[in-house]
Amino acid sequence: MSVSAQLGTSAYTNSFKKISGPVVERDGLIQVPEQDVSKIKYIEYLPTWTKEEKYIPLKFFKHVDPGSRADPEFGLLFPKSGSSIRKPITPKFGTTVENVQLSQLDAKGKDELALLVAQRGVVVFKNQDLAEKGPRFAVEYGKHFGPLHIHPTSGAPPNAPELHTVYRTPKVENLFEHSVNLLGWHSDVTYEMQPAGTTFFSVIQGPEAGGDTLFANTAEAYERLSPAWQEFLGGLSAVHSAIQQASASKNEIGIVKRDAVENIHPIIRTHPVTGKKSIFVNSGFTRSIVGLKSEESATILNFLFDLIGNSHDLQLRVKWEPNTVVIWDNRVTNHTAIFDWDSSEPRLAFRITPQAERPVNNLVDLNKEDTNKVYKGQL
Ligand SMILES: O=C(O)CCC(=O)C(=O)O
Ligand SMILES: [Fe+2]
């Protein structure tokens, strides 16, 4: 197998049609076939595309993370006299929260939420009314956390292009025809200069069992490295690419809303709020290490993908129930969908994707457009 064939062949970037099923052109929109729509509870979240929808390249902006303004005592989320409760999912990673209604949080409550998510990596909220409030509410809600990313290829509700939807048709057959599993570990849109930070995801309809989402803690993955490797990797940066995702989408449904980009990010990034370091590579989008020979680069990246994807002792698994909303900090986690059900039950989810700062190794470089000076121009 060639070096390039070992990298970046994730289910996430390559198997849109296999996983999502066919789309048709109807009423001027590319969308799911009519017979599938009757099975869907919240049809306003179904993905749609138009060939005319085009966006100009994203521009740099300074990001002040809402978590940096938060009360570290969490007096609004978890008031001493209140009924809200939090339980860790694993000791260092993930928290489940009950008796907090996300839609009711004011600006200060949302700041606390950003801090909680930064500290715990993944936070699971049960019994939420976000889906019921509709796509536009979700969009307005998410803007507090950063400018919302419009995905270059994903489908979205017609009135909410900022949402990214994930849909699997009832009619996928022979899912494992070409691969023994469909795991696609990634963090979201890391090919952008400023990838996602505090990211919201809700599976609003899914199978009775299956379709869970796996998460890995990349801050903990960094802690597992020896000091020598921490130092070595701290001086390196990697190319993240949207090209495979865009070309798969172009071939399969003829859609690319924004030209594919590549960006270089430090392999070890530092979180602007917690100050913690994490490994910032993912098998979905990270292609090569700047300045290394191809075999060296592939060896290191495959080692890191393996550390993140196969260390079950730094991972957690979310089982979706109706009205669960999960928020992850995309800077300190990787995740993968799980396609393990072959019943005719569809699965429909939406994501709110606020962008955050340009990743930096050292916080002295925070919010400088030219942050990664030493790496620039080496694509
Ligand atoms: O469907 C899932 O469980 C995860 C999908 C995903 O990776 C995403 O929307 O960012
Ligand atoms: Fe994702």
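In the predicted model, the donor residues of the iron ion (ligand 2) follow the sequence spacing H-x1-D-x146-H. The pair D188 and H335 joins distant parts of the chain, 147 residues apart: D188 belongs to the loop between β7 and β8, whereas H335 lies in strand β17 (residues 333-337). Coordination of the iron ion is through NE2 of H186, OD of D188 and NE2 of H335, at 2.1 Å. Both D188 and H335 are buried.

The three iron donors recur in the surroundings of ligand 1, where H186, D188 and H335 are accompanied by H164, V166, F201, T213, A337, R347 and R351. Strands β7, β17 and β18 (347-352) each contribute at least two residues to this shell. Classified by residue type, the shell around ligand 1 comprises three nonpolar, four polar and three charged residues. Several side chains place an N or O atom close to oxygen atoms of the ligand. For T213, the separation between such a side-chain atom and an oxygen atom of ligand 1 is 2.6 Å. The corresponding value for R347 is 2.8 Å, and that for D188, also an iron donor, is 3.1 Å. Taken alone, ligand 1 exposes 290 Å², of which the protein buries 98%.

Two further positions, S202 and G155, were examined individually. S202 is located in strand β8 (residues 198-205). Its relative accessibility is 3%, and S202 is therefore classed as buried, the cut-off being under 20%. A polar atom of the S202 side chain lies 2.8 Å from the backbone oxygen of T324. T324 is also among the residues in contact with S202 once neighbours within four places in sequence are set aside; the others are W320, V325, L348, A349 and F350. Of these contacts, L348, A349 and F350 fall within the residue range of β18 (347-352), a strand that also supplies residues to the shell around ligand 1.

G155 occupies the loop between α7 (135-142) and β7 (164-168). This glycine likewise counts as buried, because its relative accessibility is 3%. Excluding neighbours within four places in sequence, G155 is in contact with P47, T48, W49, L163, H164 and T165. One of these residues, H164, also belongs to the surroundings of ligand 1. The C-alpha atom of G155 is separated by 17 Å from that of Q205, a residue 50 positions away along the chain.

Methods: Residues numbered from 1 in each chain as written. Chains lettered and ligands numbered in written order. Predicted model: local features only at pLDDT ≥ 70, side-chain atom pairs only at ≥ 80, totals over all residues. Heavy atoms only, no water. Helix = DSSP H or I, 4+ residues; strand = E, 2+ residues; numbered from the N terminus. Buried < 20%, exposed > 50% of the residue type's maximum accessible area, 1.4 Å probe, protein only. Polar contact = N/O pair within 3.5 Å; in protein donor to acceptor, adjacent residues only side chain to side chain. Contact = heavy atoms within 4.5 Å. Donors = N, O, S within 2.8 Å, 3.2 Å for Na, K, Ca; no water. Near = heavy atom within 4 Å. Areas by Shrake-Rupley, 256 points an atom, 1.4 Å probe, with all protein chains shown as cover. Nonpolar A, V, L, I, M, F, W, Y, C, P; charged D, E, K, R; others polar.
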